[in-house]
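Trainee: Hello! Could you show me how to read a model like this one, feature by feature?

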Amino acid sequence: MTSFPTRILGDLAVPLAGLILLALYPSQQAFLAQIAITAILVLSLDLVVGFAGLATLGHAAMFGAGAYAAGLYALHVWSEPLTGLIAGALAGAVVAGATALMLMRAHGLTFLMMTVAISQVLYEIVSKARDVTGGDDGLFGFTMQPVLGVWEFDFFGKLAFWYSLAVLWIVFVLLRRLMVTPFGQTVRAIRDDAGRVGSLGGRVYRHRVVVYTLSGGIAGLAGALSAQTVQVVGLSSLSVTYSAEILVMLVLGGTGRLWGALVGTLVFTVIHHYAASIDPVRWMLFIGLILVVIVLFLPGGLTRGIALIHAWLTGRRAP
Amino acid sequence: MASLLASILIDGFAYGMVLFMVSVGLTVTLGLMRFVNLAHGMFAMIGGYAAASLITMAGVPYILALILAAIVAGIIALGLEISVIRWMYGRPELDQVLLTIGLVFIGIALAGMLFGNSLVPVPLPDMLRGASDLGFRVMPTQRIVAAVVGLLSLLAIWLLLDRTMFGIRLRATVDNARAAGELGINTRRVYAIAFSVGAALAGLGGVVGAELLPVEPYYPLKYLVLFLAVVAVGGPGSVFGSLIAALLLGTVETAGKYLAPGFATIGLFVVMLLVLSWRPDGLFHRKSRL
């Protein structure tokens, strides 16, 4: 177990990193807010992929559901942001929970394919329901009230940055706590050997459904944040390509470690930002190469690489 | 009404045979090596591009181009198996998924660079162009070609599995890879050949199915779910199961296209999700037999 100061330091890392990035890119706060939101989504993906050990290519379904729910909520119900976040998280959790009942009976390739199919069904429904969702044009035309009635959303993304960073911090700290609870330990045990947990009396199916629903709720939260800060929701937020992209971020950073999700998102989005000028075809080649190289040569991603270097420098064995 | 039903069944059959040709290799690799290969659709795309280039650039006759395309797909698959995929058997599923989705992205990018981002038609000889009159209805000759080639590959697969020494070795390896290895079967070679033959069949399916599944760089990603669905619904590892699943899903999607064009995809996915909720291991799940 980590000592008390290390734990506190770990909790403070997110705001510290946020401040450092703010100092480095003072004029790009909207971009930094985007990174924070994506990091929340990738953290939620890590719950499913890294901690529960389930390979999914449909995680964007919950992100998109949260984004559309928050957008529609702001448009038709109330444009207060915090309740909007709750609406988004609920939408993500409902989509995840309902599909998990079906998904968690399958495994392997069938599971993977069903996650893709579910997100494509959702994509088709949203794209057909033009009157409600705007279809291909996206959902727009909603404005948000100030956060807590005090801080106004601005054109430069100043508030978006602080708002997203705060939510990311809360999610990260809570997830760190969750991982060491009996529930978190059981989920990891199921990943390592589901059969054994089952024969010891653990409820494999129920734990998987719960962790998937929780993860969906967090993904929905990220979607709601994205809808509120950008004030447009596009169909691409539901696409399989986006699911694959966040999976690449997670793998780049390292699965099964919350740090991995943060590092992966940061590195990937910064590279993407600078590589925006190269055409999408080459970008795709680049992503593909990253995936192949990491799987073949550095399973565990960048954070494992850092751990290996650290172990080599201090002369200890890698964890 | 009756003619509508007949149209659905005939078109669905042609479409189903294309799906079967492309997917059968996937079910074998999954049943044999427990290898989750998301990049399988790439071999169909490679076949399509190879045939299109051979016909338009070198003027190769259609039938010859068809065979050469299958061989090209098979050889590329063999190269990939030996250089990369061989090392992934026995690795965690997630690693296999990630590696093969990485290969898909690389494939899309390379196809886009080499052939451009638009659809590439596979030109047909005059004899196969146009429509054929079946007595009660007229349908594109190309679809009849697809159905016939599909039936021929089915026959070839049956002969290969049931009547050759390789078939015996393959079935032995599926049943128990370790015992097969100890009896002197070179299981590594069996894996490599099975992978390559599966890819060649996919290449064949990519060429004759080019009218139904147009050849373009995003092909492996666009139809990924379709191919995976055939395998999952049929029961991974079951060749007979994938045939039934391919015909079922082909007919369902064709019916959707005739009856409610905007909702064909949703209909297909819903049917698939229902079947899989009812039988998560597919319709013809068998532990260790082809």
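Mentor: Happily! Let's begin with a term: helices and strands are DSSP runs, with at least four residues for a helix and at least two for a strand, and they are numbered from the N terminus. Please keep in mind that this is a predicted model.

Trainee: How much helix and how much strand is there in residues 97-120 of chain B?

Mentor: That span is 79% helix and 0% strand, and its end C-alpha atoms lie 28 Å apart. Residues 140-161 of chain B are 95% helix and 5% strand, with 32 Å between the end C-alpha atoms. Both spans are among those that UniProt, in an unreviewed entry, annotates as "transmembrane region" in chain B.

Trainee: And which residues of chain A carry the feature "transmembrane region"?

Mentor: The unreviewed UniProt entry lists several spans, including 61-79 and 85-104. In the model, residues 61-79 of chain A are 84% helix and 0% strand, with end C-alpha atoms 23 Å apart. For residues 85-104 of chain A the values are 95% helix, 0% strand and 27 Å.

Trainee: How many residues does each chain bring to the contact?

Mentor: Chain A brings 37 residues and chain B brings 40. About 3500 Å² is buried between the two chains, and carbon and sulfur atoms give 83% of that area. On the chain A side, A:Leu109, A:Met113 and A:Met284 lose the most area to chain B, together 19% of what that side buries.

Trainee: What about the inside? Which residues have the most contacts in the largest nonpolar core?

Mentor: That core has 213 residues, and those with the most contacts inside it include A:Met113, B:Phe43 and B:Leu213. Helix 2 of chain A, residues 29-51, gives the most to this core, with 16 residues. For a close look at one member, try B:Phe43: beyond its sequence neighbours up to four places away, B:Phe43 touches residues including B:Ala73, B:Leu80 and B:Phe195.

Trainee: How should I describe two aromatic rings?

Mentor: A pair of aromatic rings is described by the distance of the centres and the angle of the planes. Over all chains, the structure holds 13 aromatic pairs. In one of them, B:Tyr219 and B:Tyr223 have ring centres 5.1 Å apart and planes at 75°, so this pair is edge-to-face.

Trainee: Is B:Tyr219 buried or exposed?

Mentor: B:Tyr219 has 0% relative accessibility, so it counts as buried. B:Tyr223 is buried too, at 12%. Now look at B:Phe240 and B:Phe284: their ring centres are 5.3 Å apart and their planes are at 75°, so they are edge-to-face. B:Phe240 lies in helix 11 of chain B and B:Phe284 in the segment after helix 12, so the pair ties together parts that are 44 residues apart in sequence. B:Phe284 is partly exposed, at 32% relative accessible area. In chain A, ring pairs link A:Phe268, A:Trp283 and A:Phe286 into a cluster.

Trainee: Which residue lies over the face of B:Tyr15?

Mentor: B:Lys257 does, at 5.2 Å from the ring centre. Similarly, the charged end of B:Arg279 sits over the ring of B:Trp278, 5.7 Å from its centre.

Trainee: One last residue: where is B:Leu119?

Mentor: B:Leu119 is in the loop between helix 4 and strand 1 of chain B. At 52% relative accessibility, B:Leu119 counts as exposed. Outside its neighbours within four places in sequence, B:Leu119 is in contact with B:Pro214, B:Val215 and B:Glu216.

Note on methods
Residues numbered from 1 in each chain as written. Chains lettered and ligands numbered in written order. Predicted model: local features only at pLDDT ≥ 70, side-chain atom pairs only at ≥ 80, totals over all residues. Heavy atoms only, no water. Core = buried A, V, L, I, M, F, W, Y, C linked by side-chain atoms within 4.5 Å. Buried < 20%, exposed > 50% of the residue type's maximum accessible area, 1.4 Å probe, protein only. Contact = heavy atoms within 4.5 Å. Phe/Tyr/Trp six-rings, centres within 6.5 Å; stacked < 30°, edge-to-face > 60°. Lys NZ or Arg CZ within 6 Å of the ring centre and 35° of its normal. UniProt positions renumbered as here; feature names shortened; annotations may be inferred. Buried area = accessible area lost by both parts, 1.4 Å probe.
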